[in-house]
Amino acid sequence: MRFSEFGLSTLKEVPADAEIVSHKLMLRAGLIRRLASGLFTWMPLGLRVLRKVEAVVREEMNRAGALELLMPAVQPAELWQESGRWDKYGPLLLRMSDRHNRDYCFGPTHEEVITDIARKELRSYKQLPINYYQIQTKFRDEIRPRFGVMRSREFIMKDAYSFDLDQAGLEESYARMHTAYTAIFERLGLKFRVVDADSGEIGGSRSQEFHVLADSGEDAIAYSDEDNYASNIETASTSPDGINTPAPSAELKKLATPGIKTIEALCDSLNVRALNTLKTLIVDGTDGPVALALRGDHELNTVKAQKIPGVASPLTMASPESIVKAAGCGPGFVGPVGLEIPVFFDHATLTMSDFVCGGNEKDMHYTGVNFGRDVEMPETVDIRNVLAGDPTPGGEGTLSIARGIEVGHIFQLGSKYSQAMDATVQNPDGKNQVMAMGCYGIGVTRIVGAAIEQNHDDAGIIWPQPLAPFDVVLVPINMHRSDVVKEAAETLYSELKEQGFDVLLDDRDARPGVKFADAELIGIPHRLVISERSLAAGELEYRHRNDSESQNLKREEALKLL
């Protein structure tokens with residue numbers, strides 16, 4: 001491809017609305033252009049990268065035995081009503097009506113559609129296992145689209161759905177998809193981790209996420225190389241094993257703490273550390289308000305908390321009026337001493353003694369609080385986020401925390417959708433049996449952004465070779481004023497194309513500095529500079545995008561290197 005014919009327009013300045021590196025560089029390098037909030041046009045350069053991602057995904061899905069199809073993006077409401085998700089999915093679902101006032105949605109995912117296909121097409125266990133997949137546009141009406149393609153409203157996703165006769169078959173299909181996903185991200189040249197995760201709105205009994213590691217990642221993941229443990233922080237578990245509650249050494253006292261409602265203010269006022277304070281949060285329960293108690297230096301994990309029997313899901317903080325009614329005081333002064341509603345204590349609270357907590361009275365706190373004396377020794381639960389240094393659930397290592405960008409998610413759905421939509425096949429005994437389903441998604445557009453977040457420098461993008469829009473960029477110096485340079489550039493351009501390389505020939509009548517800057521911004525792995533001086537020496541100036549210095553190579557050496 002000749003630069004002059006490619007229609008590529010790069011930007012020197014960082015767009016004002018771009019927040020993270022990938023968004024800035026994708027706009028500057030001309031990969032995408034914004035149409036509206038959360039909506040982007042993929043320009044020719046960006047589309048080349050996107051198609052390379054799709055090609056790897058398609059090859060590995062085919063290798064795993066999955067069958068490609070293409071389902072409609074617009075889905076009838078009846079299917080979502082049948083599965084029970086029409087109302088549950090909420091405002092993320094873009095709803096619409098046709099001219100006959102029939103309700104539809106623009107699909108954010110396709111569990112309902114594929115289950116409808118399966119119940120019509122599959123009749124016997126002899127047709128199983130089977131796995132359908134597609135690469136298609138989705139739409140989720142994000143309340144606040146941000147970070148470019150990382151959290152856009154419209155995006156391209158590969159979604160696959162397996163159907164098996166039973167759970168044992170589902171686990172085999174799930175394992176094949178795990179292997180295929182691992183191969184995909186390895187082939188794309190990305191550093192990633194697989195972590196246990198919460199199934200969220202999709203549902204099911206088990207799920208795992210594939211995260212590209214990057215400092216800008218929205219998700220925190222907990223891992224340990226010592227025992228190969230990895231989990232999204234939402235599901236990373238803690239245990240009460242090995243915890244011994246210290247004996248009391250201080251008297252219970254009630255102190256006036258006017259206006260002090262936060263842990264930070266409490267620590268400053270009483271000269272105590274946050275780990276010696278206890279915070280008590282009142283949330284809605286299934287039968288009235290309940291309290292959640294955890295150490296002052298720990299953060300509540302809402303995903304864990306809302307799964308506790310008696311706690312309402314989704315987790316909702318109680319209203320100020322409910323808190324006053326339950327505790328006798330407003331938020332900021334609630335504590336477990338004498339509290340007459342159910343209290344769920346986090347495991348880590350067992351490490352505490354002589355601690356500070358709310359006094360259940362406005363502007364009052366207790367000090368010297370102890371379990372077994374002032375508060376009944378509790379049965380504890382896991383309701384906090386893990387921290388670096390915490391022991392792994394198996395106790396064989398300690399946790400580290402890293403940031404990750406979720407680019408893939410696999411689920412064991414079981415019978416969640418097949419039961420609701422009566423998707424059955426005849427089993428070997430001649431009876432109808434509900435099929436076991438799996439669901440497997442990859443964010444194709446998000447992979448592009450995640451790759452940039454992981455691979456860039458101050459000059460621009462550094463593509464992993466499999467993702468690069470071009471393999472080589474040829475930069476002839478003053479080719480419009482030198483027939484020798486022009487002829488050499490055209491000859492090399494043709495030769496490399498014949499050998500199967502994707503080549504970008506920068507044939508613009510522009511200064512060398514402009515060409516070099518654009519080549520680095522775009523992130524093409526290999527750069528060959530052609531000048532009269534290098535030609536006179538029978539050489540080409542070569543530089544890899546990761547290198548800080550160029551090297552002069554004989555023409556044959558440069559070609560061999562490529």
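In the predicted model, Ser97 lies opposite Asp103, a residue of strand β6. This pair belongs to an antiparallel arrangement in which strand β5, covering residues 94-97, is joined to β6 by four bridges. The two strands form a hairpin with five residues between them. Within this hairpin, Asn101 adopts a positive phi near 65°. Strand β6, residues 103-106, also pairs with strand β4, residues 74-76. That pairing is antiparallel as well and extends over three bridges. Val74 has Phe106 of β6 as its bridge partner. In general, the strands of a sheet are paired through hydrogen bonds of the backbone, in either the parallel or the antiparallel sense.

Further along the chain, an open sheet is built from five strands, in the order β27-β26-β28-β29-β30, with mixed pairing. The edge positions are taken by β27 (503-505) and β30 (551-554). Each of these has a single partner strand, so one side of each has no neighbour in the sheet. From one strand to the next, the twist averages 30°. The partner of β27 in the strand order is β26. Strand β26, made up of residues 472-476, runs parallel to β27, and three bridges join the two. Across this pairing, Leu474 stands opposite Leu505 of β27.

Two helices pack on the five-stranded sheet. Helix α13, residues 483-498, touches β26, β27, β28 (526-530) and β29 (539-544). The direction of α13 makes about 170° with that of β26. Helix α14, residues 512-522, packs on the sheet through contacts with β26, β28 and β29. For α14, the angle to the direction of β26 is about 175°.

The loop between β27 and α14 contains Arg511. This arginine has a relative accessible area of 57% and is therefore classed as exposed, the cut-off being over 50%. Arg511 is separated from Asn228 by 283 residues in sequence, and their C-alpha atoms are 52 Å apart in space.

Two buried residues were examined in another part of the chain. Thr380 is located in strand β19. Its relative accessible area is 16%, and Thr380 is accordingly buried. The side chain of Thr380 forms a polar contact of 2.7 Å with the side chain of His347. Leaving aside residues up to four places away in sequence, Thr380 touches Pro240, Phe345, Asp346, His347, Thr349 and Leu350. His347 thus appears both in the polar contact and in the list of touching residues.

Asp390 occupies the loop between β19 (380-381) and β20 (400-414). Asp390 counts as buried because its relative accessibility is 14%, under the limit of 20%. Its side chain makes a polar contact with the side chain of Arg384 at 3.0 Å. A polar atom of the Asp390 side chain also lies 2.7 Å from the backbone nitrogen of Leu387. When residues up to four places away in sequence are not counted, Asp390 touches Arg384, Gly397, Thr398 and Leu399.

Terms used. Residues numbered from 1 in each chain as written. Predicted model: local features only at pLDDT ≥ 70, side-chain atom pairs only at ≥ 80, totals over all residues. Heavy atoms only, no water. Pairing = 2+ DSSP bridges. Axes fitted to C-alpha atoms, helices over the stretch in contact; angles between N-to-C directions. Contact = heavy atoms within 4.5 Å. Buried < 20%, exposed > 50% of the residue type's maximum accessible area, 1.4 Å probe, protein only. Polar contact = N/O pair within 3.5 Å; in protein donor to acceptor, adjacent residues only side chain to side chain.
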